[in-house]
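Biologist: Got a minute to walk me through this one? I'm new to it.
Modeller: Sure, let's bring it up.

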Amino acid sequence: MRFSINRDRFVHDVQNVAKAVSSRTTIPILTGIKIVAGNEGLTLTGSDSDVSIEVFIPKEEDGSEIVQIEEKGSIVLQARFFAEIVKKLPGTNVELIVQDQFATTIRSGSSVFNLNGLDPEEYPRLPQLEEDLLFRLPQDMLKNMIRQTVFAVSTQETRPVLTGVNLETEEGELICTATDSHRLAMRKATIEKNDESLSFSNVVIPGKSLNELSKIIDDTNELIDVVVTENQILFKLKNLLFFSRLLEGKYPVTKSMIPTQSKTSLKLKTKPFLQTLERALLLSREGKNNVINLKTLDGGNVEITSISPEVGKVTENIETEMQGEDMRISFNGKNIIDALKVIDSEDVNITFTGAMSPFVIRPIEHDHYLHLFSPVRTY
């Protein structure tokens, strides 16, 4: 195998593929990146058996040549070294030559690296998915949906299904839900379907996979195709395929958890509320429980307090528009802060149904997402 390629393009695509490679894999060949040079261009593949990323680099794009392939072939190179080497090469072009016994030479400028490659025949094949049912949505919308839900997945392996984000369709909308059983984030979006009969539920994508996908997709309104099968999901970009294994198990039914009426509702400015909670958390972090107390005052204001017996106490009043009954409640401040950080709205609405019942935070400017929290019992 022998080819030369534009270095910047190569660095960009090698780094995308390397995101799927894990050093902790039990299958030695998966610590490498597979490179295949064919008639049309180069294909790079990285995988840790949960996530697989394949990038195709065409010979030319928009009229300019990217890859010159002199000899077809394939090789697997250790991702850890290869990705770092490519990134630090001095020239504007990279030449890669594979000789007998998988001995590989990488040349760029005055720099020459000789690496021992691995047998590409041992590299597992990527899943072949039936693509008859797929849906599309803009990349920036998908990126936002991931940002506004994935932080709420569980980090505990005791219930593996909660370490992922659940996708389901309902009346032409895609609903993403994440919960760790103390908090819940839900986001809806309208999608384009290639077939009106497309509907699914209980499609649970590992949070880890979505975090990696989020790093790859752009903030553009270019569409991304999504193919869902029994145990895999595929995200298709122009020259990139992102496969992820789905989590097994039944995702809890979360719709019934969301209260439909409220006894007290508060309208607050998102940023000042976030900053108040961050100050209150300075003390409550000590007790490891992050407990913050909220109490409504006469005249419609709210008092936020946090007490740490060893350290001290903080009290702060914030302005709010209140409707309904007076209220006092305790909650995990860190969870609320995480949610407020991803809310793209100047004001939020918080609705309470009682001191011991879950409460909901919604942005005022949109109605397509919400956050649900369990209160903390402080006595």
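Biologist: How many bridges pair S21 with S27, and in which sense?
Modeller: This is a predicted model, to start with. In it, S21 and S27 (residues 347–352) pair over 6 bridges, in the antiparallel sense. One of the partnerships is Thr-264 with Phe-352 in S27.

Biologist: Which other strand is S21 joined to, and by how many bridges?
Modeller: S25, residues 321–324. S21 itself covers residues 264–269, and 4 bridges join the two, again antiparallel. Lys-267 stands opposite Glu-321 in S25.

Biologist: Back to Phe-352. Which ring cluster does Phe-352 belong to?
Modeller: Ring pairs link Phe-352 with Phe-331, Phe-359 and Phe-373. Across the structure there are 7 aromatic pairs.

Biologist: New topic. What is the strand order in the open sheet of 4 strands?
Modeller: S24-S23-S22-S26, with antiparallel pairing.

Biologist: Which strands stand at the edges there?
Modeller: S24 (312–318) and S26 (328–332). Each has a single partner strand, so one side of each is left without a neighbour in the sheet. Neighbouring strands in this sheet are turned by 20° against each other on average, ignoring direction.

Biologist: And how many bridges link S22 and S26?
Modeller: 5, antiparallel, with S22 running over residues 291–296. Val-291 stands opposite Asn-332 in S26. Asn-293 faces Ser-330 across the pairing with S26.

Biologist: What about S22 and S23: how many bridges there?
Modeller: 4 bridges, antiparallel, with S23 at residues 302–308. Lys-295 stands opposite Glu-303 in S23. The two strands form a hairpin with 5 residues between them. Gly-299 sits in that turn, with a positive phi of about 90°.

Biologist: Which strands of that sheet does H6 touch?
Modeller: H6 packs on the sheet against S22 and S26. Its direction makes about 80° with that of S26.

Biologist: Is H6 enclosed or open?
Modeller: Largely enclosed by the rest of the structure, because 8 of its 10 residues are buried. H6 covers residues 333–342. The buried ones include Gly-333, Ile-336, Ile-337, Leu-340 and Val-342. Asn-335 and Asp-338 are buried too.

Biologist: What caps the N-terminal end of H6?
Modeller: Asn-332. One of its side-chain oxygens lies 2.9 Å from the backbone nitrogen of Lys-334. Asn-332 is also the residue in S26 opposite Val-291.

Biologist: Next, the open sheet of 9 strands. What is the order there?
Modeller: S8-S2-S3-S4-S20-S19-S18-S12-S16, with antiparallel pairing. The edge strands are S8 (73–78) and S16 (192–193), and each pairs on one side only.

Biologist: Which helix packs on that sheet by S8?
Modeller: H2, residues 79–88. H2 touches S2 (32–37) and S8, and its direction makes about 100° with that of S8.

Biologist: Which strands does H4 lie across?
Modeller: S4 (51–58), S19 and S20 (240–245). H4 spans residues 207–216 and runs at about 170° to S20.

Biologist: How is S19 joined to S18?
Modeller: By 4 bridges, antiparallel. S18 is residues 223–228 and S19 is residues 232–236. Val-226 has Phe-235 in S19 as its bridge partner.

Biologist: Last one. What feature does UniProt place at residues 137–252?
Modeller: The unreviewed UniProt entry lists "domain: DNA polymerase III beta sliding clamp central". In the model, that stretch is 18% helix and 41% strand. Its end C-alpha atoms are 25 Å apart.

Key. Residues are numbered from 1 along each chain as its sequence is written. This is a predicted model: local features need pLDDT of at least 70, side-chain atom pairs count only at pLDDT 80 or more; totals for chains, interfaces and linings use all residues. Side-chain values use heavy atoms; hydrogens and water are left out. Buried means under 20% relative accessible area, exposed over 50%, partly exposed in between (1.4 Å probe, protein chains only). A polar contact is a pair of N or O atoms within 3.5 Å; within protein, one must be able to donate a hydrogen and the other to accept it, and residues adjacent in sequence count only if both atoms are side-chain atoms. UniProt positions are given in the numbering used here, feature names are shortened, and annotations may be inferred rather than shown by experiment. Two strands pair if DSSP finds at least two bridges between them. Axes are lines fitted to C-alpha atoms, for helices over the stretch in contact, and angles run from 0 to 180 degrees between N-to-C directions. Contact means heavy atoms within 4.5 Å. Rings of Phe, Tyr and Trp (its six-membered ring) pair if their centres lie within 6.5 Å; planes under 30 degrees apart count as stacked, over 60 as edge-to-face and the rest as tilted.
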